[in-house]
Amino acid sequence: MAIPVITMYTDGSSRGNPGPGGYGTILIAGNHRKEFSEGFRYTTNNRMELLAVIKGLEALKMDGMSVNIYSDSQYVVNAIEKGWLNGWMKNNFAGGKKNPDLWKRYYALSKKFSVKMHWVKGHSTNALNNRCDELATAAADGKNLQADIFFEAENSK
């Protein structure tokens with residue numbers, strides 16, 4: 001059986017930055033498509049952009065898959081594609097690099113797959129990126145928002 005190639009679109013949103021936030025993720029494998037999102041009561045846009053990627057990878061059932069990820073976050077795309085994350089990991093996020101909890105989570109997940117990041121212009125003509133934006137903003141505007149535990153703990157000091 002051939003291992004499928006997965007296409008993933010992601011977006012994150014924050015109302016205030018920090019403020020209520022959410023992410024939206026779309027996974028596509030052949031003719032199958034799955035959308036999901038979650039909202040958080042106090043977080044940042046960058047955290048939601050990265051969490052959208054993490055949640056998509058966590059939803060995959062088989063290791064070794066090739067995953068093409070499309071994101072409008074230069075923060076996420078550049079950290080991965082330009083190798084910044086490798087340096088941050090090597091130096092244990094010295095110098096106050098943000099979101100080490102999520103980056104470490106992504107890093108561990110990325111070892112299970114062949115990940116290729118692609119930047120797309122946000123709020124433009126890409127229908128799937130726009131759909132992820134709709135999912136993310138609806139999640140941020142939703143009720144019963146979850147706690148972004150690490151972020152809230154770090155920002156209550």
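Trainee: Hi! Which residue forms a salt bridge with D141?
Mentor: Hello! D141 pairs with R15, and their closest N and O atoms are 2.8 Å apart. Keep in mind that this is a predicted model.

Trainee: Okay, and where do D141 and R15 sit in the chain?
Mentor: They come from distant parts of the chain, 126 residues apart. D141 is in the loop between α5 (127-140) and α6, while R15 is in the loop between β1 and β2.

Trainee: Are those two buried or exposed?
Mentor: In between, actually. D141 is partly exposed, with a relative accessible area of 46%, and R15 also counts as partly exposed, at 39%.

Trainee: How many salt bridges does the count come to?
Mentor: The count comes to 10. Among the residues involved, R33, E35, R131 and E134 are linked in a network.

Trainee: What about D148, which residue does that one form a salt bridge with?
Mentor: With R47, where the closest N and O atoms are 2.7 Å apart. D148 lies in the loop between α5 and α6 and R47 in helix α1, so the pair ties together parts that are 101 residues apart in sequence. Both D148 and R47 are buried.

Trainee: Let's switch to pockets. What volume does the largest pocket have?
Mentor: About 310 Å³. You'll meet R47 again here: of the 13 lining residues, R47, K98, N99, F151 and N155 are the closest to the pocket's centre.

Trainee: How do the lining residues divide into nonpolar, polar and charged?
Mentor: The lining has three nonpolar, six polar and four charged residues. Helices α1 and α6 (149-154) each supply at least two residues of it.

Trainee: Now the inside. Which residues touch the most other members of the largest nonpolar core?
Mentor: That core has 30 residues, and L57, L60, V67, W103 and Y106 touch the most other members. Helix α1 gives the most to the core, with seven residues.

Trainee: Which residues does L60 touch, leaving out those up to four places away in sequence?
Mentor: L60 touches I6, L27, M65, V67 and F113. There is also a second, separate core of six residues, including I26, I28, L128 and L135.

Trainee: Last one: why does N78 count as buried?
Mentor: N78 has 17% relative accessibility, and buried means under 20%, so N78 counts as buried. You'll find N78 in helix α2 (residues 74-81). Leaving aside neighbours within four places in sequence, N78 is in contact with G83 and W84.

Methods. Residues are numbered from 1 along each chain as its sequence is written. This is a predicted model: local features need pLDDT of at least 70, side-chain atom pairs count only at pLDDT 80 or more; totals for chains, interfaces and linings use all residues. Side-chain values use heavy atoms; hydrogens and water are left out. Helices (H or I, at least four residues) and strands (E, at least two) are DSSP runs, numbered from the N terminus. Buried means under 20% relative accessible area, exposed over 50%, partly exposed in between (1.4 Å probe, protein chains only). Contact means heavy atoms within 4.5 Å. A nonpolar core is a set of buried Ala, Val, Leu, Ile, Met, Phe, Trp, Tyr and Cys residues joined through side-chain atoms within 4.5 Å. On a 1 Å grid over the protein atoms alone, a cavity is a set of points where a 1.4 Å probe fits but cannot get out, and a pocket is an open set with protein on both sides within 12 Å along at least five of seven lines; lining residues have an atom within 4 Å of a point. Grid points are joined across faces, edges and corners, and a volume is the space filled by probe spheres set on the points. Ala, Val, Leu, Ile, Met, Phe, Trp, Tyr, Cys and Pro count as nonpolar, Asp, Glu, Lys and Arg as charged, and the others, Gly among them, as polar. A salt bridge is a side-chain nitrogen of Lys or Arg within 4 Å of a carboxyl oxygen of Asp or Glu.
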